[in-house]
Every structure is written in structure tokens, then in C-alpha cells.
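Good morning, and thank you for making time for this presentation. Please look at the sequence and the structure on the screen, and I shall then take you through selected parts of the fold.

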Amino acid sequence: MTVMLFTSCDKDDDGGSAGGFDVHVPSFVKGTTPIRVDLGVNCDKTPTVTFTTEGDALGVVSPVENPEFDTDYVYAGELIDADFVNGRATASFWYIPLTPGNHAVTFTVNYTQNGAAKTGTNRKVLKVSDASNGGFYPEVVCPDPGYYYFSFRNELDKFKFGCEFYLAFVSLNGQTDPAPFDISLTQGYNNKVILERGRFYPLEAGKWDEGWQNWMNSDIMVIRGDVSGAITLKLVFRDNYNRCRDVVVEMDSDKNLISSVASDYYLWPH
């Protein structure tokens, strides 16, 4: 996913200061690239700092530039931490856009200055397109029909690698505890885990190999327990930015894959 501004230049947008916010948006940046935001206002006490998005746009605020899976993100409408020292409030954080399309985000600070209530805002409109590596398109495939044996992909195009992502079990034929089904996940060559309820597991998706003309090196999931016939398997996939997609997998009574359908993006509840 790639983010492009409507303006074009080869350096940070130094004209992004408004409402006390300085938003440094490069003219060309891949999606999920953190965009630094600096706040500075003179005020009487610690202000209230938030952000909002418009329409279907999803984004998160990170307190660090290089977030990881367990980073404590701030969602739209939640409070962003600010420091207050000697009559001045400051904050530095990173905004991460997560959805394609027109993407509008507004940063807001509410504060008092000499007893008077004031509000500062800075609105940015981004154009986000699916045009490069790092997409989030989880798909479950069945390389060997006739078995409850699954591998994974995360591509729209054979030669564009998707983002890092994680898997959690939701249900199998309506049952939400994976234990009776003895579902194993082989990670790489040397590690095998048994899926537990309520846990996310790092996942390696397959990559297209031009020489072999096939998808290679995917982690493998196998249902080894007592189950037969047609199944409906529900999984949730999550990336490092709390962006999630539910995937529903349908297999017929002969263990042939019928479909793997992903939901729209949403943010993991916290």
C-alpha cells in the first residue's frame, strides 16, 4: 500500500504546521510508514489531544517510530499523551494510515490559555493506493485436496510481498475451542505449535517461486483431531498495526476448498 499526497516534492512538507501541530508528511510514502506529528502550544495546564478520521479511513497513532505487534496504539477519539512543563505542552507521535482510498485525518488539541478555552486543528488529506509491497490480503489455500491441510498467502500480485501478520483461531463448525481438533501450525522448518484459544501466532505466507512455478515456504496448518465432512473454519489475521481481517474458509465433504473470504479491515479491540 502506497500513500501519496496531492502535492509533489522530494522532502518533508514543512508547511504542515497549523493549530499547534506540525505534520511531516513525505510526498511519497508506502502505507503503514509512520508520519511524524509534533505539537507545541502555550497553555495553562495539560491539554486534550486527539485525532479523527473521515469515512472508512482507518489509522492509528503510535508513541514510537518503529512499532511492533504489542505496541500500545491510540485509536481515533482516544487521548494522545502530551507533556506539560512551565506553561507549554508538547507531544511527538507518529500517525499510521492503514486503509486505501482518500484518507482524511484531523488532529485536535483543546486547551486553555490565560483562562480562555481554545481549540487547534490540523487536517491532512492523503491519497492512499494499493500499488506496492506491504499489502494485507490474507488468503487460506489447500495445496492437497482431500486433507484438512492449509497454507497461506498474502498477495494481490505474485511478486509483491505482503506485510508481516499473525493468525488466531476463531471457530470450527461453530466451536470456539481449538483443543478438541488438535490443530497444529508448523512455523518454518523446526517449530510446531498447537493452536490455543485467544492466542495470536506469527505466520509466514508463501512466496511465488518463478523457477518452480509454484508458491513456496508457507507455514502449514493441519487439523489432526476428530472432524469429518464439510467444515466452516473461521480465523482472524492481524498485522503489526492492529489492522485485522476475518477470514472464513469453507470446505466440502470431500475436503475440497470451496472458498476463502476475507472481511473488510477493522482495528483489533483494546
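Allow me to begin with a definition: two strands are said to pair if DSSP finds at least two bridges between them. The strands themselves are DSSP runs of E of at least two residues, and helices are runs of H or I of at least four residues, both numbered from the N terminus. In that sense strand β14 (residues 165-172) pairs with β21 over 7 bridges, in the antiparallel sense.

Two remarks on the source are needed. What you see is a predicted model, in which local features need pLDDT of at least 70 and side-chain atom pairs count only at pLDDT 80 or more, while totals for chains, interfaces and linings use all residues. Residues are numbered from 1 along each chain as its sequence is written, and side-chain values use heavy atoms, with hydrogens and water left out.

First, the chain as a whole. The protein chain has 24 strands and 0 helices. Its C-alpha atoms fill a box of roughly 75 × 40 × 35 Å along the principal axes. Of its 270 residues, 44% count as buried, where buried means under 20% relative accessible area, exposed over 50%, and partly exposed in between, with a 1.4 Å probe and protein chains only. Taking contact as heavy atoms within 4.5 Å, and considering contacts between residues at least 6 apart in sequence, 63% join residues at least 24 apart.

Let me return to β21. How many of the residues of strand β21 (residues 231-239) are buried? The count is 7 of 9, and the strand is mostly covered. Towards β14, Phe169 stands opposite Leu235 of β21. Strand β22 (residues 243-251) also runs antiparallel to β21, and 8 bridges join the two. One pair there consists of Phe237 and its bridge partner in β22, Arg245. The hairpin of β21 and β22 has 3 residues between the strands, and Asn242 in this hairpin takes a positive phi near 70 degrees.

As background, most residues other than glycine have a negative phi. Two further residues depart from that sign. Asn86, in the loop between β8 and β9, has a positive phi near 50 degrees, and this residue is exposed, with a relative accessible area of 77%. Gln213 has a positive phi near 55 degrees; Gln213 lies in the loop between β18 (207-209) and β19 and is partly exposed at 45% relative accessible area.

Next comes Asn214, in strand β19 (residues 214-216). Asn214 is partly exposed as well, with a relative accessible area of 40%. Not counting residues up to four places away in sequence, Asn214 touches Lys207, Trp208 and Asp209. Asp252 lies 38 residues from Asn214 in sequence, and the C-alpha atoms of the two are 24 Å apart in space.

I turn now to an open sheet. Its 5 strands come in the order β12-β13-β20-β15-β16, with antiparallel pairing. Why do β12 (138-141) and β16 (191-194) each have one side without a neighbour in the sheet? They stand at the edges, each with a single partner strand, so one side of each is left without a neighbour. On average, neighbouring strands of this sheet are turned by 25 degrees against each other, direction ignored; here the axes are lines fitted to C-alpha atoms, for helices over the stretch in contact, and angles run from 0 to 180 degrees between N-to-C directions. Within the sheet, strands β15 (residues 183-187) and β20 (residues 220-223) pair in the antiparallel sense over 4 bridges, and Leu185 stands opposite Met221 in β20.

Finally, consider Thr71, in the loop between β7 (59-62) and β8 (83-85). Is Thr71 buried or exposed? Thr71 is buried, because its relative accessible area is 15%. Its side chain reaches the backbone nitrogen of Glu68 at 2.7 Å, a polar contact being a pair of N or O atoms within 3.5 Å; within protein, one must be able to donate a hydrogen and the other to accept it, and residues adjacent in sequence count only if both atoms are side-chain atoms. Leaving aside neighbours within four places in sequence, Thr71 is in contact with Ser62 and Pro63. Thank you for your attention.
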